[in-house]
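Let's take a walk through this structure together, starting with one helix and working outward. Have the model open beside you as you read.

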Amino acid sequence: FFRLIALYFFPAEGEEVQTIPFLQMDEERLLFDATSMPDRDWWAALWPDPRGVCEKLGVTAGETVVDLCCGDGCFTIPMATVAAKVYAVELYQYLLDAAQEEARKAGLSQDRVVWIHGDAMELAKLVPNVVDMVFLANTFHGIPEKARLIAALATVLRPGGRFIVVNWHHIPREETVVLGEPSGPPTEMRMSPRETAEAVEPQGFALRKVIELPPYHYASVFEKKHSVGA
């Protein structure tokens, strides 16, 4: 199948997005032409306080969390200092390696994170236990098979558990400036909170709240229904 990952790679405004067959993709290859992997300075400028974001989203002690498409661990590490356990799932091994190295530098206890190299669409095979929360940041807008992904994550999320989607606000890309440059996905790919809810709620979830994450993001917090029609 064809998989579009838009967590890190953002084409310029108006540039056509090219997908690559999964089985032909080199993990070290950039997904889009004329783009690059933002470095940690870029992430630090965009998210100067990831631990504060986790607290604002209500990550609590004792919870088990899936950090889906965790990348190089921007949120995984601060999340793991609070939650009982984090399952960090990433398709690209080199990003998972980078995340593990950052966790080592941060002195994070090895038993707080389970590092998982695999496809998010196969979560039921990757995560051994039902969890309290699934977290997905900066990615949802670029997933072509949203219903399939939600069905996959629902298999590992307990009834009443939370699915938290962090998205770029649907504002022009030229207005979302990081380190002096327009950043984020193309304007036409961005999703409003309403559009996010319209994609998620029909899959057995209820929107509980939308949390502002200035300057450019919001988080939609969904609860998995206990039964159809709940």
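**Around helix H4**

On one side of helix H4, two residues are exposed, Arg-104 and Lys-105. Bear in mind as you look at them that this is a predicted model. The helix itself is made up of 13 residues, and from its first C-alpha to its last it reaches 18 Å, close to the 18 Å expected at 1.5 Å a residue.

Now turn to the other side. Which residues of H4 are buried? They are Leu-95, Leu-96, Ala-99, Glu-102 and Ala-103. These five names cover an arc of only 120° around the axis, so they lie on the same side of H4. The spacing has a familiar background: an α-helix has 3.6 residues a turn, so residues three or four places apart point the same way.

What do the buried residues of H4 pack against? Their neighbours are two helices, H1 (40–46) and H3 (76–80), together with two strands, S2 (85–90) and S3 (113–117).

One more residue of H4, which spans residues 93–105, deserves a stop: Tyr-94. Its relative accessible area is 21%, so Tyr-94 is partly exposed; the cut-off for buried is under 20%. Tyr-94 is also 22 residues away from Asp-72 in sequence, while their C-alpha atoms are 8.5 Å apart in space. Leaving the helix at its far end, you meet Gly-107 just after H4, with a positive phi of about 75°.

Next, follow the strands that H4 connects. S2 is mostly covered, with five of its six residues buried. Strand S1 (residues 64–68) runs parallel to S2, and five bridges join them. Within this pairing, you will find Asp-67 opposite Ala-88 in S2. S2 also pairs with S3, again in the parallel sense and over five bridges. There, Val-86 has Val-113 in S3 as its bridge partner. The chain passes from S2 through H4 to S3, and this β-α-β crossover is right-handed.

Stepping back, you can set this region within the chain, which has seven helices and nine strands. Of its 230 residues, 53% count as buried. Among contacts between residues at least 6 apart in sequence, 67% join residues at least 24 apart. The chain exposes about 10,200 Å², and carbon and sulfur atoms supply 53% of that area.

Finally, a few backbone details in the loops are worth a visit. As a reminder, most residues other than glycine have a negative phi, and most peptide bonds are trans. Asn-138 is not a glycine, yet it has a positive phi of about 65°. You can find Asn-138 in the loop between strand S4 (131–137) and helix H6 (146–154). Is Asn-138 buried or exposed? Its relative accessibility is 2%, so Asn-138 counts as buried.

Leu-179 also has a positive phi, near 50°, in a residue other than glycine. Leu-179 sits in the loop between strand S6 (177–178) and strand S7 (181–182). With a relative accessible area of 57%, Leu-179 is exposed.

The last stop is a peptide bond: the one from Pro-214 to Pro-215 is cis, with omega near 5°. Look for Pro-215 in the loop between strand S8 (205–213) and strand S9 (217–224).

Note on methods
Residues are numbered from 1 along each chain as its sequence is written. This is a predicted model: local features need pLDDT of at least 70, side-chain atom pairs count only at pLDDT 80 or more; totals for chains, interfaces and linings use all residues. Side-chain values use heavy atoms; hydrogens and water are left out. Helices (H or I, at least four residues) and strands (E, at least two) are DSSP runs, numbered from the N terminus. Buried means under 20% relative accessible area, exposed over 50%, partly exposed in between (1.4 Å probe, protein chains only). The expected span of a helix is 1.5 Å times one less than its number of residues. The arc is that of the directions from the helix axis to the C-beta atoms. Contact means heavy atoms within 4.5 Å. Accessible areas come from the Shrake-Rupley method with a 1.4 Å probe; for residues, only the protein chains shown count as cover. Two strands pair if DSSP finds at least two bridges between them. A crossover is right-handed if, with the strands pointing away from the viewer, the path from the first strand over the helix to the second runs clockwise.
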